[in-house]
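Colleague: Before I rely on any label in a structural description, I would like to hear the reasoning behind it. Could you take me through this one and set each value against its definition?

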Amino acid sequence: MANLNWKPFVYGGMASIVAEFGTFPIDLTKTRLQVQGQTHCMEVRYRGMFHALFRIGQEEGIRALYSGISPALLRQASYGTIKIGTYNTLKNLFVSHPEEETMVINVFCGVVSGVLSSSLANPTDVLKIRMQAQGSLLQGSMMSNFINIYQTEGTRGLWRGVIPTAQRAAIVVGVELPVYDISKKHLIHSGLMGDTVLTHFISSFTCGLAGALASNPVDVVRTRMMNQRVLAGNPLYKGTLDGLMQTWKNEGFFALYKGFWPNWLRLGPWNIIFFMTFEQLKKLSL
C-alpha cells in the first residue's frame, strides 16, 4: 500500500466534476423522461430531449436545468475518485505494463470498481435523482434534503436503489473503461495515430456509445426506484428484475430505452470531456 499511486484518484475526481458540470442539463432531461409513466408521474409532459430542455427552461427557469447539481458534483467527487483510482490500482496489481492488459482483466477491474464506488456514493445519487425529477417541488438546501430523507425514510432511504445502481455501475464501468483502454491501445498500436487528443476523442466516443446501449434498461429501473417514496405499504418495484418486467409489461419493451438519446448524448460528451481532461491531467509533472 506504500506504493499506492494517488494521482488516478485525484485526477479521476477532478475530471469527473468537470464532465458532470458540462453535461448536467442533458442528464436532467434523461431523468424527467425516464420517470414518465411511473404511477405518480403518469402525465406525459415531455416528447423528447429537446422538448424537455425547452419546456423546463420555459416553465421552471434556466436554473431548473441544474436542479440537483450540488449532490451531483458531490457524487462525482466521491464516485469518480473511487472509481478511477480503484480501477487503475486493481489493474496495476495484475499487470506491470499497459501493453499486458487484456479485456478480461480490464472488465473485472471495471466491474469491481464500479460496484464499490457506486455503493459508497449512493446517498448523493438518491438526492440528485429526486431533485432532478421533482425540480421546484423539492425545497431547501442539499443538506436539509439529506436530513429530510433520513428522518422520513431512514438509512434505507439514502441507500434506496443501491442494488440497481451497483448493477448499472458494474455494467457501465465494466464496459466503458475497458472499451476506452482497448480502443486507445489498438489505435496507437495500429500506427494510424499516436497518443493524441484525436485518439482520446475517438476512444471516449466509442466507450460512451457502448455504455449507453448496455446500461439504459437498468438505468430506467434504477431511476424509478430512487424516485419512489415508501412511507407506508409496498414499493412499486420490489427489485431490479421486477422493475424491468413491470416496465416491459405495462409500457412495452422500448420503455426500457426511455431516455436513451439523452443518455447517450450525455455519456458521449461526458466521456469525451472526462477522458480528455483526465489525459491532460496525467501529463502534469507533479
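Modeller: Let us start with phenylalanine 260, which counts as buried at 12% relative accessibility.

Colleague: Why is phenylalanine 260 called buried at 12% relative accessibility?

Modeller: Buried means under 20% relative accessible area, exposed over 50%, and partly exposed in between, with a 1.4 Å probe and protein chains only as cover; phenylalanine 260 has 12% and therefore counts as buried. Please keep in mind that this is a predicted model, in which local features need pLDDT of at least 70 and side-chain atom pairs count only at pLDDT 80 or more, while totals for chains, interfaces and linings use all residues. Residues are numbered from 1 along each chain as its sequence is written, and side-chain values use heavy atoms, with hydrogens and water left out.

Colleague: Where is phenylalanine 260 placed, and which residues does phenylalanine 260 touch?

Modeller: Phenylalanine 260 belongs to helix α10, where a helix is a DSSP run of H or I with at least four residues, a strand is a run of E with at least two, and numbering goes from the N terminus. Once residues up to four places away in sequence are set aside, phenylalanine 260 touches Ala212, Leu213 and Asn216, contact being defined as heavy atoms within 4.5 Å. Its C-alpha atom also lies 9.1 Å from that of glutamine 34, although the two residues are 226 apart in sequence.

Colleague: How many helices and strands does the chain have?

Modeller: The chain has 10 helices and zero strands, and its pattern along the sequence reads α-α-α-α-α-α-α-α-α-α.

Colleague: What makes valine 18 partly exposed or buried?

Modeller: Valine 18 has 42% relative accessibility, which falls between the two limits, so valine 18 counts as partly exposed. This residue sits in helix α1 and touches Ile273 and Thr277, not counting residues up to four places away in sequence. The C-alpha atoms of valine 18 and phenylalanine 278 are separated by 9.9 Å, with their positions 260 residues apart along the chain.

Colleague: What does phenylalanine 278 itself contact, and which residues touch the most other members of the largest nonpolar core?

Modeller: Leaving aside neighbours within four places in sequence, phenylalanine 278 is in contact with Pro8, Tyr11, Gly12, Ala15, Ile84 and Asn88. The largest nonpolar core has 20 residues, of which Leu177, Phe274, Phe275 and Phe278 touch the most other members. The elements giving two or more residues to this core are α1 (7-35), α3 (69-94), α7 (162-189) and α10 (260-282). Apart from it lies another core of 10 residues, including Leu28, Ala52, Leu65 and Ile69.

Colleague: What makes such a set of residues a nonpolar core?

Modeller: The name applies to a set of buried Ala, Val, Leu, Ile, Met, Phe, Trp, Tyr and Cys residues joined through side-chain atoms within 4.5 Å. In soluble globular proteins, nonpolar side chains tend to be buried together.

Colleague: How do you know whether aspartate 125 is buried or exposed?

Modeller: Aspartate 125 has a relative accessible area of 0%, which is under the limit for burial, so aspartate 125 is buried. Aspartate 125 is found in helix α5 (residues 122-134), and beyond the residues up to four places away in sequence it touches Arg75, Thr165, Arg222 and Met226.

Colleague: Is threonine 86 buried or exposed, and what label does serine 190 receive?

Modeller: Threonine 86 is buried, because its relative accessible area of 13% is under the limit. Threonine 86 has its place in helix α3, and its contacts, leaving aside neighbours within four places in sequence, are Phe9, Ser113 and Leu116. Serine 190, with 40%, falls in between the limits and is therefore partly exposed; serine 190 lies in the loop between α7 and α8 (197-227).

Colleague: Why does the radius of gyration of the chain agree with that of a compact globule?

Modeller: The radius is taken over C-alpha atoms, and the globule rule is 2.2 Å times the number of residues to the power 0.38. With 286 residues the rule gives a value near 19 Å, and the chain has 19 Å, so the two agree.
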